[in-house]
Every structure is written in C-alpha cells, then in structure tokens.
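Please open the model in your viewer and keep the selection panel at hand for a short tour of two helices and a pocket.

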Amino acid sequence: MAGYLITDNKKITTKRFLEMKQQGEKIAMLTAYDYTMASIIDAAGVDCVLIGDSASNVMIGNATTLPITVEQMIYHARCVSNAVKRALVLCDMPFGSYQLSREDALRNACRMMKESGVDALKLEGGIEILDTIKGLIQAGIPVCGHLGLTPQSVHQFGGYGVRAQEEAEANKLISDAQALDEAGCFAIVLEKVPAALAEKVTKMVKCPTIGIGAGNGTDGQVLVSTDAMGMTQGFKPKFLRYFAQIGEAITDGVGDYVRAVKDQSFPNQDESY
C-alpha cells in the first residue's frame, strides 16, 4: 500500500506550496525525527516532513522544547533527510539559535542547512525577529514562520493554552503574519489560535498557512506523528485525532515476543540454522 496517496513523484518545493494554496489543495504535514518513520511518512504521500524541536519531548524526554541543541537538531534532521525522497523537509531552529543576533542566527542557519540536508527552516516569532528572517531569506534559505502558541515561549506565556483570544493579541498576530508574508516566508504555522482568526489570516496572506489546533480554514495541517499515530501516552488535546493505534500494536507485539521467548516457542525449528 506504500505510496497509495501519491498522485505524482515530483519533489515538493516551496514553490509547490504556493501553487497548492492557489489551487485550493490542502497541505499535509507530519513530524518525523528518524530515518525509518520518515521513510514511511514520505512513501504514504505526506507533502512536508517537519523535524520539529518537539524532538526534545518525543525523542529525548524533556518537559519542554527549550533544551534541545543545534547539534541534536542537525542529527535528527540528517536522519530524516536521508530518508525523504518526495516531501519538502522542514526543520525547526531550536531555542537560542536565532534569538541573540541576526549574525548568530545566519551562522546557525547556514550550518543547519549544510550539515542536515533539509530544504527549509522554521522560526518562531513575528515582528520581533523580522530582521533575522529577512537575513536568512536574503541568504537563500527558505523560511517558514510560526505564530500563535510558540512553544519556545512557554515560560513567558505561562503554559500551552490557546493564544490570541483577546483583541490586542489577535491584532498583533495579524500584523505579524502580514509582516512575515511580506518578508518572503514561504509558509506560516498557526498554532492553537481561534479557528475564525486563523481563517482570516489565511485569506490575508499570499503564503500558505499550516494549522495545528487552528481549525479547518488554514491551507494545511500539521501534527506530531507520534501523537497522531497513537504512540504518545497521556496526551490528548482537543485538536488531536488518532489516525492509528501503533502504540497498542507495539505493546501487543512486544508482549507476544516476551511470551514466545519465555515459553521457548521462539525460535522454532524453521527459525533456526
């Protein structure tokens, strides 16, 4: 069944993202952090594979995204880049890698692009980091913006609640989105914002918007693959739908393996040399 969703095998590019918005074709994005998962996701027809700094939580077990380093992100991104043949490969710049200065951000971004092999980078924030984003784009690095709930600012926000519910913050998000669009971002992720606001922003900007917890009016959707495939324990926000129960399947399979080893039914004569 691998690849059954794919209608063509042409490499997805940032230009293709814009074409998809213009043609009304929704963009499907999922995260991956390793070669095997990225291979499966790419073959199944996803349009973009995101190496999110959520690797800090999913792969390392940190409570937030903040501790993950540039070196760790490059490692995970290289694993994914080696696997993906069709999807656009997008990687998060981790906390501290672009906030200090435009020059520091450009140095880290160039290193991440060169050493990971990804197609584009994603940065959290709006007008405050606009000069940095312009610097990356001028250097030839495609940039995806990220507004709304920006997990790297969790301590400033005081949690992971819905953002931009009040008029002032909603207006700020609109201004940020327009600024990112005008600066040349090829896409903008909108995370945990009211659906009506996300739809309004989507209609105002030329570049495609990718929602997560932002309703169905965006140009595409993104989920953390381990969440969407039922592999994450004890995490079920309102916006999350389980599209598989891989966690249960693995648990059952491991249980069967343990029992077969204990009762000596594995390996049998046919499985022995």
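Which residues of helix α6 (residues 130–138) are buried? This is a predicted model, in which local features need pLDDT of at least 70, side-chain atom pairs count only at pLDDT 80 or more, and totals for chains, interfaces and linings use all residues. Residues are numbered from 1 along each chain as its sequence is written, and side-chain values use heavy atoms, with hydrogens and water left out.

Select α6, a DSSP run (helices are H or I of at least four residues, strands E of at least two, numbered from the N terminus): its buried residues are Leu-130, Thr-132, Ile-133, Gly-135 and Leu-136, where buried means under 20% relative accessible area, exposed over 50% and partly exposed in between, with a 1.4 Å probe and protein chains only. Their cover includes α5 (102–116), β5 (143–148) and α8 (167–183), and just after α6 you will find Gly-140 with a positive phi of about 95°.

Move next to α5, where Asp-104, Ala-105, Asn-108, Ala-109, Met-112, Met-113 and Ser-116 are buried. They cover an arc of only 160° around the axis, which puts them on the same side of α5; the arc is that of the directions from the helix axis to the C-beta atoms. Turning to the other side of α5, select the exposed Glu-103, Arg-107 and Lys-114. Gly-117, which follows α5, has a positive phi near 80°.

Finally, display the residues lining the second largest pocket, among them Ser-54, Asn-57, Glu-191, Val-224 and Phe-235, which lie nearest its centre.

Note on methods:
Contact means heavy atoms within 4.5 Å. On a 1 Å grid over the protein atoms alone, a cavity is a set of points where a 1.4 Å probe fits but cannot get out, and a pocket is an open set with protein on both sides within 12 Å along at least five of seven lines; lining residues have an atom within 4 Å of a point.
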